[in-house]
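Please open the model in your viewer and keep the selection panel at hand. The tour below moves from one selection to the next and says what is found at each stop.

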Amino acid sequence: MPPEVYPVSQVTRYLRELLENNRHLTEVWVAGEISNLTRASSGHIYFTLKDERGALRCAFFRNRNIGQRMPLAEGLSVVVYGSLSLYEQRGDLSFVVDFVQPEGTGSLAAEFERLRDRFEAEGLFALERKRALPAFPQRVGVVTSSTGAVWHDICDVLGRRWPLATLVLQPTPVQGEGASPSIAEAIRSVVQHNVDLVIVARGGGSAEDLWAFNEEPVIRAIFGCPVPVVSAVGHETDNTLADLVADVRAPTPSAAAELVAPDRAAVGRHVSVLQTQITVTTTRNMARASEGVEAQQRHLVRALPAVDALQQRVRERGLAMTRAVRAHRDHAVIGVASQQARVAALSPLATLERGYALVVREDGSVATSATALAGGERVSLRLRDGSRDARIEGLL
Amino acid sequence: MTTANDDSFEALYERLQAVTARLEEGNLPLEESVTLYEEGMVLAQRCQALLATVEQRIETLREQYEDGFSR
C-alpha cells in the first residue's frame, strides 16, 4: 500500500487547527522582549517576542491593538496575552496578540488590566447606561454566600432602615473554582423573583479571593441584568470589574444596604412635614375663603346705599304717615269730643239738669204733646236724679 | 421587576406629594381643597402605618450549584 500523499494546504490547515485547539497554546500569557517592531499602514502591528533561547513572531491586529494603552517600543520587556496560530499561506507560525502589558506586572494584575480594557472597549462600563436605584424598593435581591457576616449585615441594616422591603437571598459560593459562573447564575435566578434591584456582595479577602468578581461570567450577568445592580465586593480599597460594570458601587455590603433604601425614620418625618403642610395650607385657604365672604358682605353693604336710602325714605314716609295718621286721629278725637259735647248739650238729660222732667208713657215713649195723654193714664216722670210714677188727671 | 401598585408605600407617598403640591398651588375651589386635604391626611396616615412595619420578610432561594449545575 503506497504511503498517503497530502496537499500542502491540507497539512497547514491541520496544523492550524491543531494549534488553535490546544489549550496550552491558546489564551496564554507569554513573557519576552520586543524586537523587529513594525507598524503596517493597515494598522496591524508585527513584532518578534524573544528571550535568550527562543523567538516567536507576533501579530497584533488593528482590531485588537486599538485599545492598547501602553506604547510599544523596541527592546521593551513585556508579557503578551494571545493564542498561537498558523498563517497558512506562508506556513508561518504566528502568535496572535490580544493584549500587551509591561513586564513586572503580576499575572493577576495583568489579567485584570486585560479584562478591564476589553470590557471597557465593549462599552460595558459606560456611565450613560448606569441606572438609578428605585426610591422605595419593595423587593431586594441579594446574591452572596448564605454563610458569613455579609448576609447578616445586609439583613440587619435593611431591617433597621427599611423593613418594608422583602429580601430575596439567592445563595451562591463567592470564591473558588466555578464561583464566577455560579454568581452569574444566581444573578439570573434572583431576577426571576420580582426584585427591584440586586445587591451582589462579598466580604473582604485577598485579590485571589475576590477574583470571581473580575471574571467574564459575572461581568456579563451584571451587564445583562434587567434591574439595577449594586456591587459590594470586599472593602473600600478593593476594586473589581464587577464594581465597574454595576450601576452603583458600594464600598462594603453594609453600605450597599444603606444605599438601596431610605431610612424610614427620615421618611416618616417627611410624611409628618407634608401632613403639617397640607393642614396649614388648607387652614389658610379656608381663612382666605371666609375672608372673601366677609369682604363680599362688606362690598355688598357698600354697594347698596340705594337700599339704605329707600329704607330711609320708607322710614321717613312711615313717620310722615304715622304723623299724619296720628294727626288725623287726634283731629278726629278732637272732633268727636266736640261732637260729644254738642250731643251732650242736646241731650235731654242736660235739660233735666236744669229742672225739667220727661213724661214717659207706659210704652216707653216720651210724651211730646198734652193732647196725646188721656185722663187716668199712668206715666213715669223722669227727673234729674230719678223717676216717679204719676197719673194724668182732668179731661175725664 | 415590581410595579408600584396603589397600596405600595411608593404609590401612597407619591400621591401624598402630589396632593400637597396641588394644595400649595392654590386656586382651588374650597370644596375641592377640603376633599384633597382629607385625602392627604388619609394617605399620610397610611404611609405612617406602613413605616411602622417592624417585621422584615426574607425569602431564601435554593442554591444553584449544589450538585454541579442542577437546581
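**The barrel of chain A**

Begin by selecting the strands of chain A that form a closed barrel of five strands, which runs in the order 1-2-3-5-4 and has mixed pairing. From one strand to the next, the twist averages 50 degrees. Bear in mind throughout that this is a predicted model.

Within the barrel, select strand 1 of chain A, residues 28–39, together with strand 2 of chain A, residues 45–50; these two strands run antiparallel and are joined by five bridges. To look at one residue pair in this ladder, display A:Ile34, whose bridge partner in strand 2 of chain A is A:Leu49.

Next add helix 3 of chain A, residues 107–122, which lies across strand 1, strand 4 (77–87) and strand 5 (92–102) of chain A. If you orient the view on strand 5 of chain A, helix 3 of chain A runs at about 95 degrees to that strand.

For the wider setting, show the whole of chain A, which holds eleven helices and 13 strands. Of its 396 residues, 27% are buried, and among contacts between residues at least 6 apart in sequence, 60% join residues at least 24 apart.

**Two packed helices**

Now select helix 4 of chain A, residues 149–161, and helix 8 of chain A, residues 253–260, which pack at an angle of about 30 degrees with their axes 8 Å apart. Because angles under 35 degrees count as roughly parallel, helix 4 and helix 8 of chain A are described as roughly parallel to each other. Helix 4 of chain A passes helix 8 of chain A in a right-handed crossing.

To see the side chains involved, display A:Val150, A:Asp153, A:Ile154, A:Val157, A:Leu158 and A:Arg161 in helix 4 of chain A, which meet A:Pro253, A:Ser254, A:Ala257 and A:Glu258 in helix 8 of chain A. Colouring this contact by class gives six nonpolar residues, one polar residue and three charged residues.

**Where chain A touches chain B**

Bring chain B into view, and select the 41 residues of chain A that are in contact with 35 residues of chain B. On the side of chain A that touches chain B, helix 4 (149–161), strand 7 (166–171), helix 5 (179–190) and helix 9 (264–302) of chain A each supply at least two residues. The largest share of this side, 13 residues, comes from helix 9 of chain A. By class, the side of chain A that touches chain B consists of 21 nonpolar, 16 polar and four charged residues.

Keep strand 7 of chain A selected and add strand 1 of chain B, residues 58–60, since these strands pair in the parallel sense over three bridges. Here A:Val168 stands opposite B:Glu59, which belongs to strand 1 of chain B.

**Two loop residues with positive phi**

Finish with two residues in loops of chain A. Select A:Glu27, in the loop between helix 1 (8–20) and strand 1 of chain A; although A:Glu27 is not a glycine, its phi is positive, at about 50 degrees. Is A:Glu27 buried or exposed? A:Glu27 counts as exposed, because it has 10 C-beta neighbours inside 10 Å.

Then move to A:Asn194, which lies in the loop between helix 5 and strand 8 (197–202) of chain A. A:Asn194 also is a residue other than glycine with a positive phi, near 60 degrees. With 15 other C-beta atoms within 10 Å, A:Asn194 is partly exposed.

How values were computed:
Residues numbered from 1 in each chain as written. Chains lettered and ligands numbered in written order. Predicted model: local features only at pLDDT ≥ 70, side-chain atom pairs only at ≥ 80, totals over all residues. Contact = placed C-beta atoms within 7 Å. Helix = DSSP H or I, 4+ residues; strand = E, 2+ residues; numbered from the N terminus. Nonpolar A, V, L, I, M, F, W, Y, C, P; charged D, E, K, R; others polar. Pairing = 2+ DSSP bridges. Buried ≥ 20, exposed ≤ 12 C-beta atoms within 10 Å, placed from the backbone. Axes fitted to C-alpha atoms, helices over the stretch in contact; angles between N-to-C directions. Parallel < 35°, antiparallel > 145°, perpendicular 65-115°, else oblique. Left-handed = near helix turned anticlockwise from the far one by under 90°.
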